[in-house]
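Here are a few exercises to work through with the model open beside you. Try each task before reading its solution.

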Amino acid sequence: MRRRQIICTAIGKGKEHDFGLFKKACIYGRKTIRYMADTGFTGLDRIHTNTLVPKKRSKKHPLTKEDKELNREISSKRIIVENIKVFVKRFKIVSRIDK
């Protein structure tokens with residue numbers, strides 16, 4: 001059976017970038033695990049080779065048709081994860097109360 005899992009790597013106080021938390025946690029997983037991340041994780045492919053991160057466009061380097069198709073494919077797979085994150089945040093499933 002093929003399983004898909006969301007890996008929670010670390011938590012942080014206040015506003016801290018997701019990629020910064022990821023690097024701080026030092027949990028890179030096996031090389032066989034495929035990571036699909038958003039553009040906030042640009043550079044992840046240098047840490048973990050089996051990674052899909054959408055390409056960013058710039059003024060000097062617009063996206064090619066192939067890049068746009070790849071980005072669309074990655075986004076269509078990642079939408080499931082994004083919907084779960086919204087659900088978790090909306091119902092405050094993961095929260096911390098400091099006393």
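**Exercise 1.** In this predicted model, find which residues line the second largest pocket and sort them by class.

*Solution.* Start with the residues themselves. The lining consists of Phe 41, Thr 42, Gly 43, Asp 45, Arg 46, Thr 51, Leu 52, Val 53, Pro 54, Lys 55, Lys 56 and Leu 70.

Next, sort them: five are nonpolar, three polar and four charged. Gly counts as polar here.

Now see which elements take part. Helix H2 (44-47) and strand E2 each give at least two residues to this lining. Finally, the volume: the second largest pocket holds about 210 Å³ of space.

**Exercise 2.** Locate Asp 38 and decide whether Asp 38 is buried, partly exposed or exposed.

*Solution.* First, place the residue: Asp 38 sits in the loop that runs between E1 and H2.

Then apply the cut-offs. Buried means under 20% relative accessible area and exposed means over 50%. Asp 38 has 24% relative accessibility, so Asp 38 counts as partly exposed.

Last, look at the surroundings. Setting aside neighbours within four places in sequence, Asp 38 contacts Val 53, Pro 54, Arg 78 and Glu 82. Take Pro 54 as one of these: Pro 54 and Asp 38 are 16 residues apart in sequence, yet their C-alpha atoms are 6.4 Å apart in space. Pro 54 also belongs to the lining of the second largest pocket.

**Exercise 3.** Check whether the end-to-end distance of helix H3 agrees or disagrees with its number of residues.

*Solution.* Helix H3 covers residues 65-90, which is 26 residues. The expected span is 1.5 Å times one less than that number, so H3 should span 38 Å. The C-alpha atoms at its ends are 36 Å apart, which agrees.

Follow the helix along and you will find a bend of about 40° at Arg 78. Just after H3, Lys 92 has a positive phi of about 50°.

**Exercise 4.** Which residues of H3 are buried, and what covers them?

*Solution.* Asp 67, Asn 71, Ile 74 and Arg 78 are the buried residues of H3. To make sense of that spacing, recall that an α-helix has 3.6 residues a turn, so residues three or four places apart point the same way. The cover over the buried residues of H3 includes strand E1 (35-36) and strand E2 (51-52).

**Exercise 5.** Put the elements of the chain in order from the N terminus.

*Solution.* Count first: there are three helices and two strands. Reading from the N terminus gives α-β-α-β-α. Of the 99 residues in the chain, 18% count as buried.

Conventions. Residues are numbered from 1 along each chain as its sequence is written. This is a predicted model: local features need pLDDT of at least 70, side-chain atom pairs count only at pLDDT 80 or more; totals for chains, interfaces and linings use all residues. Side-chain values use heavy atoms; hydrogens and water are left out. Helices (H or I, at least four residues) and strands (E, at least two) are DSSP runs, numbered from the N terminus. The bend at a residue is the angle between axes fitted to the seven residues ending there and the seven starting there. Buried means under 20% relative accessible area, exposed over 50%, partly exposed in between (1.4 Å probe, protein chains only). Contact means heavy atoms within 4.5 Å. On a 1 Å grid over the protein atoms alone, a cavity is a set of points where a 1.4 Å probe fits but cannot get out, and a pocket is an open set with protein on both sides within 12 Å along at least five of seven lines; lining residues have an atom within 4 Å of a point. Grid points are joined across faces, edges and corners, and a volume is the space filled by probe spheres set on the points.
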